[in-house]
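Reader: I'm new to this structure and a bit lost in it. Could you take me on a close look at a single part, the nonpolar core, and then show me what goes on around the aromatic rings?

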Amino acid sequence: MSVQHPTTAWEANQDGTSRQEVYAMQWSVASLSDFIVAGAKRGGPIALRRNESVTVQYAQHTTSKPQVQVFSSSGALLITIPWELGKIVKMGWSYDEQLVILNEDGVYRVYDLQGEYSQNSLGQEAQDSGVVDAVIHDFGMVALTGNLGFMEVKGWEGSRPVSLASTALSQPPLCWDIVPPDQSLNCHVEVLLPYENTILSVDSLESIDQQIPRGPFQHIVISPSGKAIALLTGSGTLWVVSSNFQESYTEYDTTTEGMQGPPQQLMTVVMVGPFGTIHYTSPTHLISEIDGVRIISSDRCDFLQKVPRPSEMVFKPESTSAAAILFDALELFEKKSPRSDEIIRSIRPELAGAVDTCIAAAGHEFEPYWQKRLLNAALYGRAFLDLYNPTDLVEMGQALKVLNAVRYFEIGIPITYTQYALISTYIQASPHHLINRLTTRNLHLLALRISMYIKLKPDVVLRHWASAKISQSRAEIDEETKRAKNDDEEVCRLIVAKFEALGPEASQGVSYSEIAKKAWSAGRSRLATMLLDHEPRAGDQVPLLLTMNEGQLALTKAVDSGDTDLVYYVLLHLKPRLNLGDFFRLIEEGGPKLKLAADLLQVCARQQNRELLRILGLAAKIENIKIAAKFFSEDKQRTFEAKTIRACIVAGLHKKVERLRNDFKVPDKRFVRVWWYTKLHALVDVKDFDGLDAFAKSKRSPIGYEPFVEYLVSQGYPKQAASFVPKCDSKLRVDLYVKCNEWKMAAQECKERGEKAKLQELKHLSPNNVVARELDGVLLTMG
């Protein structure tokens, strides 16, 4: 298949515009006019939602529920997002490719490409007056409310909205746009909106009349660089002016194109730059880039830009630049023509610049064939230079190999070299950022290969891969508890094997504690503990173990590390959180392994807490008494009878249990609690849940029903435990439901009791985003 010359994509106009077809779209979208579209910059994804004002065939686009579909730039479906929060006012993309969706009540969600989201609100004012419009940019959002006030959100972490200065608006403006903080001279958002015959500039402090008497204006658009502004006047004149309104670049009469009314993007689009015009017809969506514009239609994705100067110098017909001559010299050399050497010598004074130009031109080409030709020309010219630093040549070759990989249609990220290498105050579209974009799409293998190719530490990729592995695996803890344990072991084995296969140098910087934290937040405490066993740094193991309420294990790890400060840290963490009995029991049950902890506790008590020292001594005496009492406990505690009765329950001999109780003359007043505990434990151990339910209903439990819940949970039966929670003290039910991992039931209990603060506390403790969303839903119903 022949490769077309770069100039075939150039448009015949005074400025030399290049229109490059990047992809044939993979989707089955008949017409973009049926959708509201939001495209991300830097070759990012495209979000589509049905345009409710357009009537379409049911079979084509409609579904039973509203949804937003996200595609790559090549039209491959990435994710479908169901939407249930009412009318959408605006969609847009953050810098790290998170989709922001804002509704008319001022509630907005920030979605990643896995469908996980965080939800925030613009506040009561926006909810009361409604949201009319918004502009979403890389690092935040500005919304126009129903009372004609502007509100700014800085960042996507849920910060409190800030009101901008008030304006003289009496009705919503026809159009408005913003200068984002990375383009503004004062590094703050600035709103530009037409007002009567002029333009107002609004920020957080003031509203300034720019005194532009050429209005009224129907459209206003700010260039991606923030250096130019395009204004469409009421008479149909498109005026491109500098951002300070001091320099006029061009004016264009759109009525000459035979348009009826103002231009609309989904009809006939006339693209106008500061130095000329180009026509583009068909239903399209335009995505502004720093070095051009991405044009999305139902069947193709194009990239339109002004022909880069290096490309023009090399490929323009009859070009006499040194770079063009060098490129021709390479062809002669490959044909073994002696004229090649003569040509090179003729441009010897300009040869270094010609080499640089060929390297730069290679960066602007999408076709690998011409990239290689240009780099070979630069390499050929370099051979005739005594002193030339090859760094730029090598780095361009590496960069193009990376860009070609992510531009492949199955990946669908048509990022240009200019966008890839762009660095500014707010934006660093560097290799690190590209790696993050790949991992968020779960393209871990490609991200790992690129990281290793350009010699970046792959720890970021490995951590994200491990977290994704945990999220994608599911542990079913019910009757198949053994299967669930195997799942944890398999996931742990895969993660550890992957890290070890890459070797210590590649996996350096990967923290098992961070991955274990992800497992813990996903409700996989056993997997978290298994991963922590592979963490070599005790200082990283211990804090998470304490968070997981694994106090004894945390103390054991601290003691094993030999770090006395870490041991003290664990002791000081546990003491105020446990009653003294449990605190001392935890140390005692550790036996010789925790002797260092016991010794350190005594040292600390001698120096700072004499009362604690007295209790420690008393605890030692009590332990000796317990040992002595063990020999006399048989009769008083009736251990023999309890063991015999338990054996009968386990064997299913329930009638014999009653006979034995009568034969042993077990008195209710003294033995009834032992009897209930014994039968409870025995029934759970043999999984006789029907028998347990009948036992609980036989008479009112003298030990309460909390022990039923606690023991069932401890044995791995949270679903069965949850059925006993309603029988427990109402004040304990929320926490007991949480122990059963029934967060939604806990939320409903909070709602019934009107405990909104407790529900908010549960939200902060929620193990994953799915649970957090469910709790959010209950919170919204509480008002």
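Author: Start with the largest nonpolar core, which has 89 residues. The members that touch the most others are Leu-326, Ile-495, Phe-499, Leu-531 and Leu-555. There's also a second, separate core of 34 residues, and Val-684, Phe-695, Phe-708 and Ala-721 are among its members. Keep in mind that this is a predicted model. As a general point, nonpolar side chains tend to be buried together in soluble globular proteins. Here, 46% of the 783 residues in the protein chain count as buried.

Two names from that second core, Phe-695 and Phe-708, turn up again in an aromatic cluster. Their partners in the cluster are Trp-676, Tyr-705 and Phe-724. Tyr-705 has a charged visitor too: the charged end of Lys-727 sits over its ring, 5.7 Å from the centre. You'll find another such arrangement at Trp-239, where Arg-214 lies over the face of the ring, at 4.2 Å from the ring centre.

Now for rings meeting rings. The count of aromatic pairs comes to 19. One of them joins Phe-315 and Phe-327, whose ring centres are 5.4 Å apart and whose planes stand at 75°, so the pair is edge-to-face. Phe-315 belongs to helix H3 (residues 309–315) and Phe-327 to helix H4 (residues 322–334), so this pair ties together parts that are 12 residues apart in sequence. Phe-315 is buried, at a relative accessible area of 5%, and Phe-327 is buried with a value of 5% as well.

Tyr-380 and Phe-384 make another edge-to-face pair, with 5.3 Å from centre to centre and 85° between the planes. Tyr-380 is buried, its relative accessible area being 11%. Phe-384, at 21% relative accessibility, counts as partly exposed, because buried means under 20%.

If you'd like a strand to go with all those rings, try S26 (residues 292–297). Of its 6 residues, 5 are buried, so S26 is largely enclosed by the rest of the structure. It pairs in the antiparallel sense with S25 (residues 284–289) over 6 bridges, and Ile-287 stands opposite Arg-294 in S26. S26 also pairs with S27 (residues 300–306), again antiparallel, over 4 bridges. There, Ile-296 stands opposite Cys-301 in S27. Both pairings are hairpins: S25 and S26 have 2 residues between them, and S26 and S27 have 2 residues between them.

Definitions and conventions. Residues are numbered from 1 along each chain as its sequence is written. This is a predicted model: local features need pLDDT of at least 70, side-chain atom pairs count only at pLDDT 80 or more; totals for chains, interfaces and linings use all residues. Side-chain values use heavy atoms; hydrogens and water are left out. Buried means under 20% relative accessible area, exposed over 50%, partly exposed in between (1.4 Å probe, protein chains only). A nonpolar core is a set of buried Ala, Val, Leu, Ile, Met, Phe, Trp, Tyr and Cys residues joined through side-chain atoms within 4.5 Å. Two strands pair if DSSP finds at least two bridges between them. Rings of Phe, Tyr and Trp (its six-membered ring) pair if their centres lie within 6.5 Å; planes under 30 degrees apart count as stacked, over 60 as edge-to-face and the rest as tilted. A charge sits over a ring if NZ of Lys or CZ of Arg is within 6 Å of the ring centre and within 35 degrees of the ring normal.
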